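Morning, everyone. Please look at the structure on the screen, and I will walk you through one part of it.

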Amino acid sequence: MIPLDTARVHAASLVDDLGVGVPAHYGDPEAEVAAFFEGAALVDRSCRGAVRVTGADARSFLNSLISQDIAELVEGTGAHALLLEPRGKLDVDMRVLQTGPEQFDLTCEVGMGSHLAASLRRFKIRVDAEIEDRSALDGCIAVRGPRAPEVVEAALGVHVPGEQHSQVRAGDLWVVHADERPDLDPGPPAPVGVDVVGARPALEAAWPVLRAAGALPAGFLAFETVRIAAGAPRQGYDLDSTTIAQEAALERDAVSFTKGCFLGQELVCRIDTRGHVNRYLRGLAVDAGTLARWSDAKGHEVRLGDTSVGQVTSVAPIAAQEAAIRALALVRREVEPGSQVEVGATNGPLTATVLAL
């Protein structure tokens, strides 16, 4: 779980991302943010977890466990899915790509690959399925922005597929349609996305080719700023083992309510049919001029009047003018969008407006 050498060597500095040192920026963080909205930003995401499941029973094995219905996937398609704990709380948030007749590649958050592999192995009983943690072998380059498909097509010579999670081969790599949170419609601005995934040596070779085609290298600071603006939660930041799918709108594209049984189904389906959750992931509109004061606000409580109503989970590192949402927080469901709230931080109280995702 280390960045690609070609991505790290030109970084101006490194920053911690869930325990891994990744490029913070490449000299001009504001220009890197602008590339997400105006051009094509190039981000190394090779520190994410990667697990491969193969075998004659791979499909049925996964489909019996995960929240999404993958029974009808074919090679070159994929889906967003969750592995839940038996009582319905989140275990692993993942993407599932079918990359062979009996092969599925799962990608998850930084540091979660070995955990995902171990969680799956717990349920592997008398099935023809092999589970391999490939986090040290495989990686991902994310290309984001309105020119992302154009740049990838020029660099790798393949047409970017039009459907979310669909893929096409480009030599030893897969090119995947990967928009940020297209399920939130209408919603915050979501950059057009393409992921280039595969073995690390092939990605090392692809990075300079993508740069030459017009993609601007962007680091963690820009990626997090745009990710937060798009309302896209990350496990380890906004999601943890206490999360219920509906709290972060994950059920909109990661849960099938018609497939039949899956691990943790009872809680998620009960909430869908006759219940509600007690908190929601919300955006916080923060004045750009005060964003520097929010740098240590993550983890601090959100208050509505004299009542504690939630906690800040993520704060954008850069005050991008394109972003209405500059922080994310889990807040009580009674807090309506549009409410003015106060966040207690080390350097004094801060104010924000709650926005729905």
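**A helix and a sheet**

Let's start with helix 9, residues 265–274. Its buried residues are Leu-267, Val-268, Cys-269 and Ile-271. Keep in mind that this is a predicted model.

What do the buried residues of helix 9 pack against? They pack against strand 5, residues 78–84.

Now the sheet. Strand 5 belongs to an open sheet of five strands, in the order 5-6-7-4-8, with antiparallel pairing. Strand 5 and strand 8, residues 130–133, stand at the edges. Each has a single partner strand, so one side of each is left without a neighbour in the sheet. On average, neighbouring strands here are turned by 30 degrees against each other, direction ignored.

A quick reminder on pairing. Strands of a sheet pair through backbone hydrogen bonds, either parallel or antiparallel.

Next, strand 7, residues 103–110. Is it mostly covered or mostly open? Mostly covered: seven of its eight residues are buried.

Take its partners in turn. Strand 6, residues 90–100, runs antiparallel to strand 7, and six bridges join them. A hairpin of two residues links strand 6 to strand 7. Find Leu-97: its bridge partner in strand 7 is Asp-105. Val-96 stands opposite Leu-106 in strand 7.

Then strand 4, residues 48–54. Strand 4 pairs with strand 7 in the antiparallel sense, over seven bridges. Here Ala-50 has Thr-107 as its bridge partner in strand 7.

Last, helix 4, residues 113–121. Helix 4 lies across strand 4, strand 5, strand 6, strand 7 and strand 8. Against strand 8, helix 4 runs at about 165 degrees.

How values were computed:
Residues numbered from 1 in each chain as written. Predicted model: local features only at pLDDT ≥ 70, side-chain atom pairs only at ≥ 80, totals over all residues. Heavy atoms only, no water. Buried < 20%, exposed > 50% of the residue type's maximum accessible area, 1.4 Å probe, protein only. Helix = DSSP H or I, 4+ residues; strand = E, 2+ residues; numbered from the N terminus. Pairing = 2+ DSSP bridges. Contact = heavy atoms within 4.5 Å. Axes fitted to C-alpha atoms, helices over the stretch in contact; angles between N-to-C directions.
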